[in-house]
Structures are given as C-alpha cells and as structure tokens.
Amino acid sequence: VECLDQLYFQAVVVAPMFQRKVLGWAHLSGALMQGAGDARCGNGNARDVDWSKLIKSSDDAVSKVSEQYNGAPQYLVDLVRNRLIFDSVDAQYRCLTSICQDPSVVVVRVANTQHCDKRQAPNRVTGTFQKPAVTVYFVLTTPEAVDMGVSGHVMELELVLHQIWVLFQSDHAHYSYVAYRRALLSEQNASTRWLRRLVVNAAQSR
C-alpha cells in the first residue's frame, strides 16, 4: 500500500464483509453491535448499517497518518472498524474465542488495555492511555475477500464492556480526547525540533 486512496478503495469493498462477520459474532456472544441495532434482540442486521460510519473519515485518516505514522499510510489499520459491547467479561471472552477460532479470519494482533496493572505503559506514539478494552486486528480470508483483492486489508474490532463504554460514548468525550492528543503531539514535535537544532548547533561548533 502506497497511498490512502488505495486503502480507501479496499475499505469500501471490504466493509460489508467485515460488518456481516461482526454481526455474526454479536449474535453468538449476545453483544450489542454499535451501528446496527441491538443484535441481542435479533433486530440488528446488515441492512440497518450506515456503512459510511464504518470507515474512518478522510480528515481523521490524514491526521493520523501525518501525526503518528510520518506520512506512511500502510500503518493505518483502523480505517474499517467497529465495536461490540458486552455485559460481562465471560461474554467478551466467548466472542474473542470465536474470532480466534474462525477459519475465515487471520488475527494479526490483539491489544489488551483492560487490566488493572498500574505499570501499564502509555501509547507508544501519543503518550496517552487508551480506554480499557480488548482490540482485535484481523484480515478476512474468505473466497469473496480473496477474489476482490482485499484479503490483506487489516481491520479493527473493539470488544468493550458496557460499564466502560458508557463513560466514553459521548461525542464531547471523544473530541476532547482528540484535541488533547493533538496538543500533546504538537508539544512532542516542538521538543524534537528543538533537540535536533541543539544537536546540529553542537556539531557545527566543533
């Protein structure tokens, strides 16, 4: 992948496949699938999904690539993403097990910030702490995905407990986090530039 246009083309193609798979996991584990009704009640289905909300906005994607990945779009793995919300850790674990055992899925990485370890390290890029959740990054290897050339597109599924989700669901909370993250990155970039100038000046003065 060399550009965001290529990633977005893949995202549009793979998003319906992704959401159908996520809906199945939601039914199996009794989870609420964000963006498609309450799957626990049996009324969530692919036709109810606002597909545009499954794909990260171009503004957010460009900002993330430039701020966190030094302009390298191949590191963007949450262009297609969604969230499943659980009432218990047991249900969350059952869903994670189903994902890992699914023969049409290859799990690339599982990130777990849902623990009480006080030594938990902050995000290596932003320096901030992420909300407690289990996040699964995976690709689809179904015949459809292979035929359409999107079997290498990495997607993100967040498994979060309901008690935690309600604390972060408001737009205000999300926008406040984004503003804080960008301000922090700006400070870090300014510090890096100052340190580089210091090193260059020291080298030139020799």
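## Salt bridges, a core and a surface patch

The side chains of arginine 83 and glutamate 158 come together in a salt bridge, with 2.4 Å from N to O. This pair links distant parts of the chain, since arginine 83 sits in strand β2 and glutamate 158 in strand β5, 75 residues apart. Glutamate 158 counts as buried, because its relative accessibility is 9%, under the 20% limit for that word. Please keep in mind as you look around that this is a predicted model.

### Charged pairs

How many salt bridges does the count come to? The answer is five. The idea behind them is simple: side chains of opposite charge can pair when their charged atoms come close. Here are three of the pairs, with the distance between their closest N and O atoms.

| Salt bridge | N to O distance |
|---|---|
| arginine 83 and glutamate 158 | 2.4 Å |
| aspartate 78 and lysine 64 | 2.8 Å |
| aspartate 102 and lysine 21 | 3.1 Å |

Let us take the pair of aspartate 102 and lysine 21, whose closest N and O atoms are 3.1 Å apart. Aspartate 102 is in the loop between α3 and β3, while lysine 21 is in helix α1, so this salt bridge links distant parts of the chain, 81 residues apart. Is aspartate 102 buried or exposed? At 13% relative accessibility, aspartate 102 counts as buried.

Now find aspartate 78 and lysine 64, which form a salt bridge of their own. Aspartate 78 lies in the loop between α2 and β2 and lysine 64 in helix α2, so the pair ties together parts that are 14 residues apart in sequence. Aspartate 78 is buried, with a relative accessible area of 7%, and lysine 64 is buried too, at 15%. Lysine 56 also belongs to this group: Lys56, Lys64 and Asp78 are linked in a network of salt bridges.

### The nonpolar core

Next come the nonpolar side chains. In soluble globular proteins, such side chains tend to be buried together. The largest nonpolar core here has 46 residues, of which Trp25, Leu84, Phe138 and Leu159 touch the most other members. Several elements give two or more residues to this core, among them α1, α2, β2, β4 and α5. Which element gives the most? It is α1, with 13 residues.

Leucine 159 is a good place to zoom in. Leaving aside residues up to four places away in sequence, leucine 159 touches a list of residues that includes Leu84, Phe86, Cys95, Leu96, Ile99 and Val136.

### Two cysteines

One of those contacts of leucine 159 is Cys95. The structure holds zero disulfides. Cysteine 95 is in none, and the nearest cysteine sulfur, that of cysteine 100, is 9.5 Å away. Why is there no bond between cysteine 100 and cysteine 95? Their sulfurs are 9.5 Å apart, which is too far for a bond, because a disulfide needs the two sulfur atoms within 2.5 Å. The surroundings of the two residues can be compared as well: cysteine 95 counts as buried at 1% relative accessibility, whereas cysteine 100 is partly exposed, with a relative accessible area of 47%.

### A patch on the surface

Finally, look at the surface. Val166, Leu167 and Phe168 form a nonpolar patch there, with about 280 Å² of accessible area together. Leucine 167 has its place in helix α5, which covers residues 162-168. Leucine 167 is exposed, with a relative accessible area of 62%.

Notes
Residues are numbered from 1 along each chain as its sequence is written. This is a predicted model: local features need pLDDT of at least 70, side-chain atom pairs count only at pLDDT 80 or more; totals for chains, interfaces and linings use all residues. Side-chain values use heavy atoms; hydrogens and water are left out. Patches are made of residues with over 30% relative accessible area and no salt bridge: like charges are joined within 9 Å, nonpolar side chains (Val, Leu, Ile, Met, Phe, Trp, Tyr) within 5 Å. Accessible areas come from the Shrake-Rupley method with a 1.4 Å probe; for residues, only the protein chains shown count as cover. A salt bridge is a side-chain nitrogen of Lys or Arg within 4 Å of a carboxyl oxygen of Asp or Glu. Helices (H or I, at least four residues) and strands (E, at least two) are DSSP runs, numbered from the N terminus. Buried means under 20% relative accessible area, exposed over 50%, partly exposed in between (1.4 Å probe, protein chains only). A nonpolar core is a set of buried Ala, Val, Leu, Ile, Met, Phe, Trp, Tyr and Cys residues joined through side-chain atoms within 4.5 Å. Contact means heavy atoms within 4.5 Å.
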